[in-house]
Amino acid sequence: GGVRGSIRAYDATHHTDFLITLRAYFDSNANVSKAADRIHVHGNTIRYRITRLAEEFQTDFDNPTTRLWLWLRLVSTDLM
């Protein structure tokens with residue numbers, strides 16, 4: 001459910017890797033190069049996917065508060 005479920009459903013429907021990308025992005029403290037290395041893609045791929053996520057889910061990833069809220073939503077789901 002929730003945010004994670006929405007992104008997972010979008011990935012399944014559209015054959016994207018947004019959830020994996022988002023986790024790598026957050027785990028890398030929003031560092032595109034580190035996120036790209038983590039999931040073995042080019043930095044531009046991370047940038048593109050984050051831009052698409054922002055568009056699809058009307059999310060401002062430049063806002064630290066928004067990033068924190070979303071990261072907490074993803075992590076709290078893992079803990080349950």
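These legends go with close-up views of a predicted model.

**View 1. Helix H2 sits mostly under cover.**
Have a look at H2, residues 18–27: seven of its ten residues are buried. The covered ones are Phe-18, Leu-19, Thr-21, Leu-22, Ala-24, Tyr-25 and Phe-26. Just past the end of H2, Asn-29 takes a positive phi of about 55°.

**View 2. The largest nonpolar core has 17 residues.**
Which residues touch the most other members of this core? They are Leu-22, Tyr-25, Phe-26, Ile-46, Ile-50, Leu-53 and Phe-61. At least two core residues come from each of H1 (2–14), H2, H3 (32–39), H4 and H5. H2 gives the most, with six residues. Zoom in on Leu-22 and, leaving aside neighbours within four places in sequence, you'll find contacts with Ile-7, Ile-50, Leu-53, Phe-61, Leu-70 and Leu-74.

**View 3. Tyr-10 and Phe-18 stack ring on ring.**
The whole structure holds four aromatic pairs. In this one, the ring centres of Tyr-10 and Phe-18 are 5.4 Å apart and the planes sit at 10°, so the pair counts as stacked. Both partners are tucked away: Tyr-10 is buried at 10% relative accessible area, and Phe-18 is buried at 3%. Add Phe-57 and you have one aromatic cluster, made of Tyr-10, Phe-18 and Phe-57.

**View 4. Tyr-25 and Phe-61 meet edge-to-face.**
Here the ring centres are 6.4 Å apart and the planes lie at 85°, which is why the pair is called edge-to-face. Tyr-25 belongs to H2, while Phe-61 is in the loop between H4 (43–56) and H5, so this pair links distant parts of the chain, 36 residues apart. Are the two residues buried or exposed? Tyr-25 and Phe-61 are both buried.

**View 5. Arg-49 reaches Asp-17 in a salt bridge.**
A search of the whole structure turns up three salt bridges, and in this one the side chains of Arg-49 and Asp-17 meet at 4.0 Å, N to O. Arg-49 is in helix H4 and Asp-17 is in the loop between H1 and H2, so the pair ties together parts that are 32 residues apart in sequence. The two ends differ in cover: Arg-49 is buried at 16% relative accessibility, whereas Asp-17 is partly exposed at 37%.

**View 6. Arg-52, Glu-55 and Glu-56 share a salt-bridge network.**
What does Arg-52 pair with at 3.3 Å? That partner is Glu-56, with the distance taken between the closest N and O atoms. Arg-52 and Glu-56 are four residues apart in helix H4, about one turn of the helix. Arg-52 also forms a salt bridge with Glu-55, where the closest N and O atoms are 3.5 Å apart. Glu-55 and Arg-52 are three residues apart in H4, so about one helical turn separates them. An α-helix has 3.6 residues a turn, so residues three or four places apart point the same way. Each member of the trio is partly exposed, with Arg-52 at 21% relative accessibility, Glu-55 at 48% and Glu-56 at 32%.

**View 7. Leu-68, Trp-71 and Leu-72 make a nonpolar surface patch.**
The patch covers about 270 Å². One of its residues, Leu-72, lies in helix H5, residues 64–79. At 43% relative accessibility, Leu-72 counts as partly exposed.

Conventions:
Residues are numbered from 1 along each chain as its sequence is written. This is a predicted model: local features need pLDDT of at least 70, side-chain atom pairs count only at pLDDT 80 or more; totals for chains, interfaces and linings use all residues. Side-chain values use heavy atoms; hydrogens and water are left out. Patches are made of residues with over 30% relative accessible area and no salt bridge: like charges are joined within 9 Å, nonpolar side chains (Val, Leu, Ile, Met, Phe, Trp, Tyr) within 5 Å. Accessible areas come from the Shrake-Rupley method with a 1.4 Å probe; for residues, only the protein chains shown count as cover. Buried means under 20% relative accessible area, exposed over 50%, partly exposed in between (1.4 Å probe, protein chains only). Rings of Phe, Tyr and Trp (its six-membered ring) pair if their centres lie within 6.5 Å; planes under 30 degrees apart count as stacked, over 60 as edge-to-face and the rest as tilted. A nonpolar core is a set of buried Ala, Val, Leu, Ile, Met, Phe, Trp, Tyr and Cys residues joined through side-chain atoms within 4.5 Å. Contact means heavy atoms within 4.5 Å.
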